[in-house]
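Here are a few exercises to help you find your way around a new structure. Try each task yourself before reading the solution under it.

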Amino acid sequence: MSRLRWLLLAVVSALAPGVALAQEGGGATLARTGVYFESYSFGNGLAFNRISELTIPVSVTQRFGNRVVLDVATAFASASSDQQGGGRIEHSGFIDTDVRATMNVVPGRLLLSFIGTIPTGATTVPGTTIPLFGAAATDLLAFMTPNFGTGGGFSSGFASAFPISANWALGAAASYRHGATYVPVTGGSALIPGGEIRTRIGIEGPFGGSGGKYFRGAVVYTTTAANDIGGGEQSSIGDRVLGYVSTSMPLGSSQLSLYGWDMRRLRARNEADTTTLAVPRGNVLAVGARLEKPLGPNAVIVPLLEFRHELTGGTDKMELLGYLLRSGADLRYRLSDRATGIIQAQVAFGTLQDAGTRVSVVGPRLGVLLEWYR
């Protein structure tokens, strides 16, 4: 695959992730499913002792010639939270279903993407489940399923790439999302989501001579209009800026990848308005490493290590929300010419802080994934 075409797929993956997977699989159809289990235990001092989540993702990507790719993705998720007082909050069900269509308008240069979100998830939930939903959506813990449902919506966007030198290429993408009105909490008011605009610029190319070293970097900017939550009030989130860099290089027969990303959430523009419920500022930083080591003609083991750190706060100085160190390995095994199995085993430990109380957090992430393509 040409470097320019790869960058185009990397940039558009922010709009339609299944596209790159279909191209990598080399076939017209790619199907994926599996089971992931995550569980975090917390020390004394928080409202809950443990949060667990089981996710069964299902996705199918179908390529029609060299111009159109259709991708359908959903999942079944079951989450629970054990409270300090002995209570338990639970939720189970399908999440929303995304249907993506991507058209290769100008081969290797311009892709158009259209994404429809069908509200098959939890559109309206009891107020008692809100603490569970809020904890699962925390960027620090990075659950496989951070969102259990919305009222659906529609997104559209484009991605383009072009060479800037003999070996380097530049890519850009932009998308707009419109969310449908829904009632998030039983007995509550309707929520009218604000529109969201996302832009992305990426660059990549080799460096350090002919030693096989490669660099990729991107900046993503997201701005979201205020949500109308009824009663003359609105909720608002500040603009988000995310920067990402990664390098890969050979290490003997293995391939080492180093990466880092930082997402900063700015103040909401109208947070001073008394009718606005504003999401506080925040900053999430992650750095990590992966080593792809072949074990034979059919197996690859990928040890990994990642450190994640999050700050938040509504004052001029943000405070520590927590940090997490995750370690483990993925084992990829080629089952046949058309199927690959992946086993994932990780453990994370760190610290979480709430209202001045700092507690320990530890838990595993275990997964089994099957990919089939033709």
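**Exercise 1: a charged pair**

Look at how the side chains of Arg-334 and Asp-337 meet, and work out how exposed each residue is.

Solution. Start with the contact: Arg-334 and Asp-337 form a salt bridge, at 3.1 Å from N to O. That term stands for a side-chain nitrogen of Lys or Arg within 4 Å of a carboxyl oxygen of Asp or Glu. Next comes accessibility, where buried means under 20% relative accessible area, exposed over 50%, and partly exposed in between (1.4 Å probe, protein chains only). Arg-334 has 40% relative accessibility, so this residue counts as partly exposed. Asp-337 reaches 63%, so this one is exposed.

Before you go on, a word on the model: it's a predicted one, where local features need pLDDT of at least 70 and side-chain atom pairs count only at pLDDT 80 or more, while totals for chains, interfaces and linings use all residues. Residues are numbered from 1 along each chain as its sequence is written, and side-chain values use heavy atoms, with hydrogens and water left out.

**Exercise 2: bridges between strands**

Find out which parts of the chain are tied together by Glu-196 and Arg-240, then do the job again for Arg-216 and Glu-204.

Solution. First, the side chains of Glu-196 and Arg-240 make a salt bridge of 3.2 Å, N to O. Glu-196 sits in strand 9 (residues 196-207) and Arg-240 in strand 13 (residues 240-251), so the bridge ties together parts 44 residues apart in sequence. Strands here are DSSP runs of E, at least two residues long, numbered from the N terminus. Both Glu-196 and Arg-240 are buried.

Now the second pair: the closest N and O atoms of Arg-216 and Glu-204 are 2.9 Å apart, in another salt bridge. This one links strand 10 (residues 213-224), home of Arg-216, with strand 9, where Glu-204 lies, twelve residues apart. Arg-216 is partly exposed at 28%, whereas Glu-204 is buried at 1%.

**Exercise 3: the wider count**

How many salt bridges does a search of the whole structure find?

Solution. The search turns up 14. There's also a network of salt bridges that links Arg-32, Arg-332 and Glu-371.

**Exercise 4: an open sheet**

In what order do the three strands of the open sheet come?

Solution. The order is 11-12-15, with mixed pairing. Two strands pair if DSSP finds at least two bridges between them. Strand 11 (227-230) and strand 15 (276-278) are the edge strands, each pairing on one side only. Finally, zoom in: strands 11 and 12 (residues 233-236) run antiparallel and are joined by three bridges, and Asn-227 stands opposite Ser-235 in strand 12.

Technical notes. Helix = DSSP H or I, 4+ residues; strand = E, 2+ residues; numbered from the N terminus.
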